Amino acid sequence: MGPGHPECPQRLDAITDHLRATGLDLALAFHEAPAATPAQLERAHSTAYTTELCFELQRLHDEGATHALDPDTIAGPHTLAAALHAAGAAVAATDEVIAGRAGTAFCAVRPPGHHATRDAAMGFCFFNNVAVAARHALDVHGLQRVAIIDFDVHHGNGTEDIVAGDERVLMCSIFQHPLYPYSGAVPKGTNMVNVPIAPYARGPAVRETVAAMWLPALEAFRPQMLFVSAGFDAHREDELGQLGLVEADYAWITQQLVDVAGRHAQGRIVSCLEGGYALGALARSVAAHLRVLAGLA
Ligand SMILES: [Zn+2]
C-alpha cells in the first residue's frame, strides 16, 4: 500500500518469524494459496464489482501503476494477485476442513477482507475473504448453517453488508465503537449479533461480553462450521484502536469458538487474518490463536 502504511508486508513476515522462533511451525501443515475464481468471488460480490475491480487491478499490474480506491486503500501492480490468493486461501481452507484433511485452518493472508462490501473496496480490503469462504461452504458444499465470528477492533461492515438477511449465516462481532468505519451500532439484520465495545475496555470486560452475547446465540444457532475474521488490532499495543486485549484474551476467545465448534460443527473452523498492525503483538497473538486452534494449548 506504499511506504508507512500499517497494512504492510512485514505483518506476514512477523508472523512467520515468530512461528519459526517458537517452533510452532513444526506442529502445523503449510499450504500455498490458489487464486480465487470469479465464480467464487461472485458468491459474495456483485458480478459488476468483481469484473470492474479485476479489470482495474489488471491495468495497474500491466502499467506498474498504483491507484487509491479510497484514501486508505491503495492498489498497486501486485494487488490483484494478492487479493485473489487471499480469497482463494479461504476457499481452499474451507475445502480442506470440510474434506476432513484438516481439523481447523488459519489463512495468513493480506490484504484483509472484512471491510469489502458487496460492491466496494475500502479499509485496506478488496475481496471479502471470509464471506467468500462462508458462501462457498453454503453454496458449494451444501452446509445449511455457518457462523462468522469477527473480533477485529474495527466493525466488519463489509461482511455485514454481504450476509445481513442471509439466515443461513449467524454473524457475531465485537468492535470498538466509535471507531472506523463508524457502523455496526444498529445491526442490519436479525442474523447479526453486533456488540459495540467502548474505547479502553480490557480483556475481562470483553470476555464477559462475549460470554453473554455471542455464546448463547451460537449455541442456539448450532453452526455446522465456524469462520473467523481474526483481526488482532484490539491488542493493547496496537495503535489503530484503543482496546486492551492481550494474547491470553485471544486464546480464551479462540477456546470458546473451539468449544462451540466441537459441540455443533465437528470442530470445523476456518480463520482468516484481518487487522493487527503492532508487529510483535500481532505475531504473538496469532501464535496464541493457532495454539488453541491446533489443540496445542
Ligand atoms: Zn481492524
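1. Start with a term. A residue is buried when its relative accessible area is under 20%, exposed when over 50%, and partly exposed in between. Keep it at hand, because several points below turn on these limits. Note too that this is a predicted model.

2. Look at helix α9 with that term in mind. Its buried residues are Ala281, Leu282, Ala283, Ser285, Val286, Ala287, Ala288, His289, Leu290, Val292 and Leu293. That makes 11 of its 15 residues, so α9 is largely enclosed by the rest of the structure.

3. What do the buried residues of α9 pack against? Their partners are two helices and three strands: α1 (10-22) and α8 on one hand, β3 (104-107), β7 and β8 (269-273) on the other.

4. Now check the length of α9. The helix runs over residues 279-293. From first C-alpha to last it reaches 21 Å, close to the 21 Å expected at 1.5 Å a residue. After α9 comes Gly295, with a positive phi near 70°.

5. Turn to the zinc ion. Which residues supply its protein donors? They are Asp152, His154 and Asp233. Asp152 is listed twice, each time through an OD atom. His154 gives ND1, and Asp233 gives an OD atom. The donors lie 2.0 to 2.8 Å from the ion.

6. Is the zinc site tetrahedral or irregular? Tetrahedral would need all angles between 85 and 135 degrees. Here the angles among the 4 donor atoms run from 52 to 153°, so the site is irregular.

7. Consider the donors along the chain. Their spacing is D-x1-H-x78-D. Asp152 sits in the loop between β4 (146-150) and α6 (157-163), while Asp233 sits in the loop between β7 (225-230) and α8 (247-264). The pair therefore ties together parts that are 81 residues apart in sequence. Both Asp152 and Asp233 are buried.

8. Two prolines deserve a look. The peptide bond from Arg110 to Pro111 is cis, with omega near -10°. The bond joining Tyr180 and Pro181 is also cis, with omega about 0°. Pro111 is in the loop between β3 and α5 (129-139). Pro181 is in the loop between β5 (169-176) and β6 (192-197).

9. Is Pro111 buried or exposed? Its relative accessibility is 8%, so Pro111 counts as buried. Leaving aside residues up to four places away in sequence, Pro111 touches Glu7, Ala82, Ala83, Ala86, Phe124, Phe126 and Asn129. As for Val270, its C-alpha is separated from that of Pro111 by 17 Å. The two residues are 159 residues apart along the chain.

10. Finish with two unusual backbone angles to inspect. Tyr200 is not a glycine, yet its phi is positive, near 75°. Arg222 is not a glycine either, and its phi is positive at about 50°. Tyr200 lies in the loop between β6 and α7 (203-221). Arg222 lies in the loop between α7 and β7.

11. How do Tyr200 and Arg222 rate on accessibility? Tyr200 has a relative accessible area of 66%, so it is exposed. Arg222 has 45%, so it is partly exposed.

How values were computed: Residues numbered from 1 in each chain as written. Predicted model: local features only at pLDDT ≥ 70, side-chain atom pairs only at ≥ 80, totals over all residues. Heavy atoms only, no water. Donors = N, O, S within 2.8 Å, 3.2 Å for Na, K, Ca; no water. Tetrahedral: all angles 85-135°; square planar, octahedral: opposite > 155°, others 65-115°. Helix = DSSP H or I, 4+ residues; strand = E, 2+ residues; numbered from the N terminus. Buried < 20%, exposed > 50% of the residue type's maximum accessible area, 1.4 Å probe, protein only. Expected span 1.5 Å × (residues − 1). Contact = heavy atoms within 4.5 Å.
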